[in-house]
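Please look over the sequence and the structure shown here before reading on. The report that follows takes up charged contacts, surface patches and the exposure of single residues.

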Amino acid sequence: MKKEIIIDVSDEGEVRLETRGFTGKACTEETEFLKKILGKETHRQLTPAYYGKQHQHRKKYLQLCG
């Protein structure tokens, strides 16, 4: 998978970084230089890829009838 860093700047000036194709701590290490340039980090949301879990989409079904 190709590695990407997506930078999204809102109309209010809020900057959002998103990484794709990285696993583990590589995503935070590869974006560190951007955080230093852009300023203080106010929020962080880690994805399952950070924890080494790739595409674990499990559907749970509830038994509706007897």
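Which residues are linked in a network of salt bridges? In this predicted model, the network joins Arg16, Glu18 and Arg20. Glu18 takes part in both of the contacts described here: its side chain meets that of Arg16 in a salt bridge, at 3.6 Å from N to O, and Glu18 also forms a salt bridge with Arg20, where the closest N and O atoms are 3.1 Å apart. Glu18 counts as partly exposed because its relative accessibility is 25%, and Arg20, with a relative accessible area of 40%, is partly exposed as well.

The structure holds 4 salt bridges, among them the one between Arg44 and Glu41, whose closest N and O atoms are 3.2 Å apart. Arg44 is partly exposed, with a relative accessible area of 43%, and Glu41 likewise counts as partly exposed, at 38% relative accessibility. The table lists these salt bridges with their N to O distances.

| Salt bridge | N to O distance |
|---|---|
| Glu18 and Arg16 | 3.6 Å |
| Arg20 and Glu18 | 3.1 Å |
| Arg44 and Glu41 | 3.2 Å |

Charge also appears on the surface in another form, for Asp8, Asp11, Glu12 and Glu14 gather there in a patch of negative charge. One of these residues, Asp11, is found in the loop that runs between β1 (4–9) and β2 (15–20). Is Asp11 buried or exposed? Asp11 counts as exposed, because its relative accessibility is 81% and the cut-off for that class is over 50%.

A nonpolar patch can be traced on the surface too, with an area of about 630 Å², and it is made by Ile5, Ile7, Val9, Val15, Phe33, Ile37 and Leu38. Both β1 and α1 supply at least two residues each to this nonpolar patch. Val15, another member of the patch, lies in strand β2 and is partly exposed, with a relative accessible area of 36%.

Helix α1, which spans residues 26–38, also contains Thr31. Thr31 counts as buried, because its relative accessibility is 5% and buried means under 20%. The side chain of Thr31 reaches the backbone oxygen of Thr28 at 3.3 Å.

Technical notes:
Residues numbered from 1 in each chain as written. Predicted model: local features only at pLDDT ≥ 70, side-chain atom pairs only at ≥ 80, totals over all residues. Heavy atoms only, no water. Patch = residues over 30% accessible without salt bridge, like charges linked within 9 Å, V, L, I, M, F, W, Y side chains within 5 Å. Areas by Shrake-Rupley, 256 points an atom, 1.4 Å probe, with all protein chains shown as cover. Lys, Arg positive; Asp, Glu negative; His and termini not counted. Charge placed at Lys NZ, Arg CZ, Asp CG, Glu CD. Helix = DSSP H or I, 4+ residues; strand = E, 2+ residues; numbered from the N terminus. Buried < 20%, exposed > 50% of the residue type's maximum accessible area, 1.4 Å probe, protein only. Polar contact = N/O pair within 3.5 Å; in protein donor to acceptor, adjacent residues only side chain to side chain.
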